[in-house]
Amino acid sequence: MEAVAIEFRDVVKSFAKQDGGRQIVLDHVSFTIPVGKTTVIAGGSGQGKSVLLKLILGLMPVDSGRILVAGEDVTGVRGRQLERLRIRFGVLFQGSALFDSLTVYENVALPLRERSTKSEAEIREQVMASLAQLELNGHEEKFPAQLSGGMRKRVGLARAMQLKPEIMLFDEPTTGLDPVMTQEIYDLFARTQEQVGYTAVIVSHDIPKVFNLADQVIVLNNGKIDIFDSPEAMQWSREPHIVDFVENTMGKIYQSHLVE
Amino acid sequence: MQRNRVAKLGETVLYIVQDIGRMGLYLWLACKGAFSRPFRFAEFMRQMHFIGSGSVMVIFFTAASTGMVLGLQGYYSLNKFGAEGMLGSAVALTLIMELGPVLTAIMVAGRAGSAMCAELGIMRISEQIDALECMAVDPFRYLITPKFLAALVSIPLLTALFDVVGIAGGYVAGVHLMGVNPGSYLEGMKSSVTNHDIWLGTVKSFVFALLVVWISTGRGYFVYQIRGAGFGAQSVSRVTTQAVVFSSISVLVFDYLLTAILL
């Protein structure tokens with residue numbers, strides 16, 4: 001049996017609406033994410049994909065249900081326990097979330113300065129190695145505003161990986177990037193995952209490209225899990241809603257890629 | 001119709017209670033951050049520079065013009081009773097107990113408070129604060145507490161500067177322009193200003209500093225929870241306006257309360 005990195009058990013999350021009612025974003029959602037594999041969470045806008053990541057990180061509470069990380073129930077944890085949980089994760093945000101007032105070097109060094117006991121010399125060595133690995137050398141003294149979208153993503157990725165996380169969460173990692181840069185970012189994921197061996201959870205609607213990386217796919221629709229399967233199995237499924245999804249999203253490009 | 005009104009009133013009351021609770025918890029966490037280690041001394045100094053040194057010119061010109069106006073107005077009023085010798089005393093007491101702490105706090109709210117609010121609001125909407133939390137870095141210790149401590153140190157110092165410059169401005173207007181005797185201006189001030197008056201002004205400046213930094217940073221930090229703020233850049237601009245208005249009003253309200261209690 002595969003080791004489980006993250007497990008959702010019957011999780012419900014809703015938000016208050018302007019009219020006083022509640023909008024259910026996740027409706028009794030259950031799934032597991034295996035260790036060392038890549039899980040892609042897809043679905044249209046407003047289907048609760050990013051909310052799901054925030055729930056995992058304890059940035060917002062669940063209404064009901066449980067979330068387990070490596071078998072440990074982390075639902076509603078606080079204080080030091082929450083800190084210990086978060087230290088296991090690396091997060092690449094949709095807009096990179098780099099600190100505008102810090103240079104590239106300072107951004108990448110921040111988690112090490114704040115959360116490790118390394119000396120400044122050791123931090124410098126590690127940060128410079130990471131920047132070189134992500135082809136960012138020569139840019140360490142620049143500020144985020146001076147970088148292109150793709151470079152910002154790479155800096156965000158370098159920062160997220162500094163504390164050697166067990167699990168990496170990617171929130172719409174290629175939004176706003178051109179096709180060439182998108183492919184570059186996905187190649188980077190594949191490369192870094194191979195090197196570091198982290199469990200990856202990618203929230204994206206960049207289908208079919210992101211599906212090439214996936215070991216399993218979760219499609220959210222109206223608060224429920226519509227599809228939960230491997231891309232290959234989805235490809236050959238005869239279930240009408242999966243056939244529809246494959247035809248409408250991956251289409252022939254992905255099919256031909258698989259056949260090749 | 002009637003039910004709608006009751007529902008809206010209930011919603012408003014709930015929102016106010018929630019907001020007070022949220023801001024109370026925020027103040028507690030900001031204070032707690034002062035005892036968390038490592039203390040960010042460099043950030044504290046950067047904030048001191050921004051709030052304190054950066055406000056010196058604004059405070060200088062506001063104080064000078066306020067002091068000079070007080071000198072002229074005071075002379076005009078006191079002259080009617082033949083008491084222009086009391087001008088130094090009137091100017092000094094007004095500045096030390098009232099105008100110094102109030103105007104300094106309001107000027108800092110407008111200059112540094114609005115900037116702190118916008119900075120935190122932008123950090124919130126661009127997920128920079130979420131990023132800090134995800135790295136298990138306490139955003140209070142990292143971002144908020146240095147601002148609180150810097151405001152609590154620099155605003156009383158700016159108030160002292162305001163008092164000195166204002167008194168000097170009153171001297172220039174009263175003595176050099178209106179011909180009041182310099183000895184009586186200075187002697188009147190020395191004889192009427194007591195330690196209690198200075199203490200009252202100092203207490204006020206600390207309380208106002210806390211109000212300004214608490215409200216300004218709190219509005220920015222909670223940009224998404226503020227009712228009617230909207231989303232994105234618009235929400236930041238709205239909470240920034242709210243921060244300056246609320247800070248200024250609370251300074252004026254607390255000025256009355258503190259005067260009534262401590263005078």
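How many bridges join strand β3 of chain A to strand β8 of chain A, and do they run parallel or antiparallel? In this predicted model, there are 4 bridges between β3 (residues 38–42) and β8 (residues 199–203), and the two strands run parallel. One place to spot the pairing is T38(A), whose bridge partner in β8(A) is A200(A).

Those two strands sit side by side in an open sheet of 6 strands in chain A, and the order is β6-β7-β8-β3-β9-β10. The pairing in this sheet is mixed. At its edges stand β6 (89–92) and β10 (224–229) of chain A; each has a single partner strand, so one side of each is left without a neighbour in the sheet. On average, and with direction ignored, neighbouring strands here are turned by 15° against each other.

Chain A also holds an open sheet of 4 strands, this one with antiparallel pairing and the order β2-β1-β4-β5. Its edge strands are β2 (22–34) and β5 (72–73) of chain A, which pair on one side only. Helix α1 of chain A, residues 49–56, packs on this sheet and touches β1, β2 and β4 (64–69) of chain A. The direction of the helix makes about 115° with that of β1(A). As for β1 itself (residues 4–16 of chain A), 9 bridges tie it to β2(A), and the two run antiparallel. Among the paired residues are A16(A) and its bridge partner in β2(A), R22(A).

Stepping back to the whole chain, chain A has 9 helices and 10 strands. Its radius of gyration is 19 Å, close to the 18 Å that the globule rule gives for 260 residues, so chain A is as compact as a globular protein of that length. Taken along the principal axes, the box filled by its C-alpha atoms is roughly 55 × 45 × 45 Å. Of the 260 residues in chain A, 37% are buried. Looking at contacts in chain A with a separation of 6 or more, 67% come from residues 24 or more positions apart.

Then there is the nonpolar core. In soluble globular proteins, nonpolar side chains tend to be buried together. The largest such core here has 130 residues, and those with the most contacts inside it are L169(A), V217(A), A105(B), V108(B) and V212(B). Helix α4 of chain B (residues 87–125) supplies the largest share of this core, at 20 residues. On the chain A side, L169(A) is in contact with L53(A), I56(A), F89(A), V91(A) and V201(A), leaving aside its neighbours within four places in sequence.

How values were computed:
Residues numbered from 1 in each chain as written. Chains lettered and ligands numbered in written order. Predicted model: local features only at pLDDT ≥ 70, side-chain atom pairs only at ≥ 80, totals over all residues. Pairing = 2+ DSSP bridges. Contact = placed C-beta atoms within 7 Å. Axes fitted to C-alpha atoms, helices over the stretch in contact; angles between N-to-C directions. Core = buried A, V, L, I, M, F, W, Y, C linked by C-beta atoms within 7 Å. Buried ≥ 20, exposed ≤ 12 C-beta atoms within 10 Å, placed from the backbone. Rg over C-alpha atoms; globule rule 2.2 N^0.38 Å.
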